[in-house]
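Grab a coffee and work through these exercises with the model open beside you. Try each task before reading its solution.

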Amino acid sequence: MTFARIAVNIPTLSGVFDYAIPAEMSAKIAPGQLVTVPFNQQTVQGVITALTQQPGVPNPKTISSLLDPLPVLTHSQLALAFHLAETTLNPLAAIISLMLPPGLAQQADTLYTLFSPKTVHLELSPTQTRLVALLNERGPLRGRQIDTHFSRVDWRKSAETLARQGLLGKTSVLPSPTVRGKFIRTAQLSVPPESAHSQMIALGKTEATLKRRAAALQFLIQEPAAVNVSWVYAASGCTLADLQELAERELIVLRETEIWRDPLERMENKPAETDRLTLTSAQQTALSHLLQANTGPSTAFLLHGVTGSGKTEIYLRAAAETLRRGEQALILVPEIALTPQTVRRFMARFPGQVGILHSKLSDGERYDTWRRVRLGQISVLIGARSALFLPFPKLGLIVLDECHDNSYYQADVPFYHTVSAAEAYARLTGAVCLLGSATPTIEQRYRASQGQLTLLELPARVGLSAQSKSVFFELPPVQVVDMREELQSGNREIFSRVLSESLAETLARGEQAILFLNRRGTATYVFCRACGQPLKCPHCDTPLTYHLEAANQAGQPSNFATGLYCHRCGYSRQMPKTCPQCKSSQIRAFGLGSEKVESEVLRLFPAAMPLRWDWETTRQKDAHEIIMTHFANGKANVLVGTQMLAKGLDLPNVTLVGIMLAEVGLNLPDPFAAERVFQTLTQVAGRAGRSHKGGKVILQTFQPENTVIRRAAEHDFGGFYGDELAQRRQLGYPPFERVVRLERRELDPQKAEAEARKLANQLTAWLAAENRIRTEIIGPFPSPFPKVADIYRWQIVLRGPDPASLLKNKPLQGWRVEVEPVSLL
């Protein structure tokens, strides 16, 4: 008898459990399938990870049902899930949940039912009163539905008390999947056109009915294929009853037809590319190495090319070779901001073969994309990090564009890094893994120097001349402006004189400019000038940011009304008229944000057409594409933005980049802060001069002597790499030592500290027991942002040759464990 080994969908649970296979399912069951099983006193979903002849427990329970006859995970995905669970210390179920589309995977929940609303004779707490009122108004609700009504409130203890008193009922439930295929009704002619014409005179008793049905039939005579009935309604004015009558007379066939929800249907499809760039010798060398790897064992490559060096052309040609061999290509980008531009280039090269996946798609679109990939109907998939976990049957190439970007890191449970996961997935599938960046991380470049990655270099910019011929371009010159000298000379504007003059010249030539500032809002610091008290978020203890109201003159919508906002928890309030501390009316907004830069552009250059591109302006679906299209088509000439501008955009008409304040983020208490600032400055500067028009960069700073800023201004990656590598070696950070971050979050600050100190003592004991003299404990100490959304955070950092192995199979309930985090903030 065969048994199934199943990972149940309880995210905090590690390991697998054995179940018996019912006789009626024995011929259908295979690894990777999605099933429901009994677990304790509830029914849960699970994925079959393997079949075994010998169960690990006597008399195992039996599988309840099979949810999908096709496997939802491939063998390679199952292997990847076990690998990530082992290396990242995440529960296996949490990793598997990443591989299922939203709406398909469901977790067991508890249904709460109010037995009696008459509670006036009872003394209820405020939370219990709210809960009773909610259930009385809405009827029975699941726990996760109640969560949406009780932000930052632990209502479950109150529910347990009410249940013990007999006021509430609790029932375990497993919600059904919320996504399914989409079907439309279609109509199609079922007789020869001559027969249809001969019967038109007898289609109804009244003239109106006869006219409608004849028009519908005439429309279908002209359409040989099945047609959506909505088109028939629009063309003929008929109704469903009319079509049903025609079907009864066997003149047409009505069917329910499944359609794919394809988000690319909305995107304009350009003609297929025919004229390709002639590759430079460096590009040809890089491509040759990639193509040779296609015939050998799986290999990971690092394509290190300066901004504008033609890395995307290498991706396109590697994908073409992959498709020629009958395999699939996965192109990952760090942000959905890059997706439209990347998709257009791939759609032009591979028409009808490209798919897209990112978080802004509807659940239905993501579900259909997942199914089309599983069936092998998508040859090239472009997406953000979640696209890595789709069930590719024939994966041959994984590309990670801008592989340095921190967006590839999943900064919430379950923690993982897409780059390391992609390398592991490529090894498991035999695919080629290609990492590309102008500013690879210190670790990636170091691994290449050690032979762990094959290094491919593109040292020069390349593009098309005015005559559409391949030419080399110089990197844009960077002029560093000392803002201290600007202040001393009497200039108190946010723009230095040279930036104002350059911006005026750029606009006069009909060219475009980018103004970059890694801050949102109008002012980043609001305080009382009388007592110095800053206005902070009551839930986070971080300064509130001031936002202006309404749309700007370019017609760009604002998602914020005028007021103060916390960018960490979403708290908002109006600007106070008096200081909460001393009651003074001397409230002042200080600092610089993207809204402020935009308003100053309009003040200084009334004829300018600015667009703002930051988190606030891109929260709606398709907002990135709308802004990019608006700017690329010349409907705006100044793009003001935050970190999204540092994401590899190709805008040939941009000849000026202004960096408003280069040192933002440089002095954060994080060993990786210098690397992030260098990458950002280099990437933003690389947006200028990407065509024969040339370009330049104006970098404003109050710290022009800083080494990081100087290296970025000189486009000197090698110099920065040497500086940072020496610093990491001295301090004992990656790539020379490994790091694990453990964070405790509690509503009670004393409990957070106590738990942190308790674990620190336990870690000390574990280190001593295993004689790990090279692994050290840093902390415990409050996190750099110690309070967020009323939750207090303490952390411990483990540093050493392999600190993660110390924590395997250790009791760490209540702790967030990050292996190789990209930040210690």
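Before we start: two strands count as paired if DSSP finds at least two bridges between them. Keep in mind, too, that this is a predicted model.

**Exercise 1. Work out the strand order of the five-stranded open sheet that holds β1 to β5, and find which strands stand at its edges.**

Step 1. Follow the pairings across the sheet: the order reads β2-β1-β4-β3-β5, and the pairing is antiparallel.

Step 2. Look at the two ends. β2 (17-20) and β5 (65-66) each have a single partner strand, so one side of each has no neighbour in the sheet.

**Exercise 2. Describe how strand β3 is paired with β4 and with β5.**

Step 1. Take β4 to begin with. β3 (residues 34-39) and β4 (residues 42-52) run antiparallel and share six bridges. Two of the pairs to look for are Val37 with its bridge partner Val44, and Pro38, which sits opposite Thr43.

Step 2. Check the connection. β3 and β4 make a hairpin with two residues between them, and Asn40 in that turn has a positive phi of about 55 degrees.

Step 3. Now turn to β5. The β3–β5 pairing is antiparallel as well, with two bridges, and here Thr36 faces Ser65.

Step 4. Ask how covered β3 is. Five of its six residues are buried, making β3 mostly covered.

**Exercise 3. Decide whether strand β12 is enclosed or open to solvent, and name the strands it pairs with.**

Step 1. Set the cut-off: a residue is buried if its relative accessible area is under 20%.

Step 2. Count along residues 300-305. Six of the six pass, so β12 is largely enclosed by the rest of the structure.

Step 3. Sort the residues by face. In a regular strand, side chains alternate between the two faces of the sheet. For β12, one side has Ala300, Leu302 and His304, the other has Phe301, Leu303 and Gly305, and both faces are covered.

Step 4. Find the partners. β12 runs parallel to β19 (residues 432-437), joined by five bridges, with Leu303 opposite Gly436. β12 also pairs with β20 (residues 454-458) in the parallel sense, again over five bridges; there, His304 has Glu457 as its bridge partner.

**Exercise 4. Characterise the packing of helix α7 against helix α9.**

Step 1. Two packed helices are described by the angle between their axes and the distance between the axes.

Step 2. Read off both. The axes of α7 (residues 207-221) and α9 (residues 240-248) come within 10 Å and cross at roughly 70 degrees. That makes α7 roughly perpendicular to α9.

Step 3. List who touches whom. From α7 come Thr209, Arg212, Arg213 and Ala216; from α9, Asp242, Leu243, Glu245 and Leu246. Sorted by type, the contact has three nonpolar, one polar and four charged residues.

**Exercise 5. Place Met347 in the fold.**

Step 1. Met347 belongs to helix α12 (residues 339-349).

Step 2. With a relative accessible area of 8%, Met347 is buried.

Step 3. Leu264 lies 83 residues away from Met347 in sequence, yet their C-alpha atoms are 9.4 Å apart.

**Exercise 6. Judge how compact the protein chain is.**

Step 1. Take stock: the chain has 24 helices and 37 strands.

Step 2. Compare radii. The radius of gyration is 30 Å, close to the 28 Å that the globule rule gives for 825 residues, so the chain is as compact as a globular protein of that length.

Step 3. Add the burial: 52% of the 825 residues count as buried.

Terms used: Residues numbered from 1 in each chain as written. Predicted model: local features only at pLDDT ≥ 70, side-chain atom pairs only at ≥ 80, totals over all residues. Heavy atoms only, no water. Helix = DSSP H or I, 4+ residues; strand = E, 2+ residues; numbered from the N terminus. Buried < 20%, exposed > 50% of the residue type's maximum accessible area, 1.4 Å probe, protein only. Axes fitted to C-alpha atoms, helices over the stretch in contact; angles between N-to-C directions. Parallel < 35°, antiparallel > 145°, perpendicular 65-115°, else oblique. Contact = heavy atoms within 4.5 Å. Nonpolar A, V, L, I, M, F, W, Y, C, P; charged D, E, K, R; others polar. Rg over C-alpha atoms; globule rule 2.2 N^0.38 Å.
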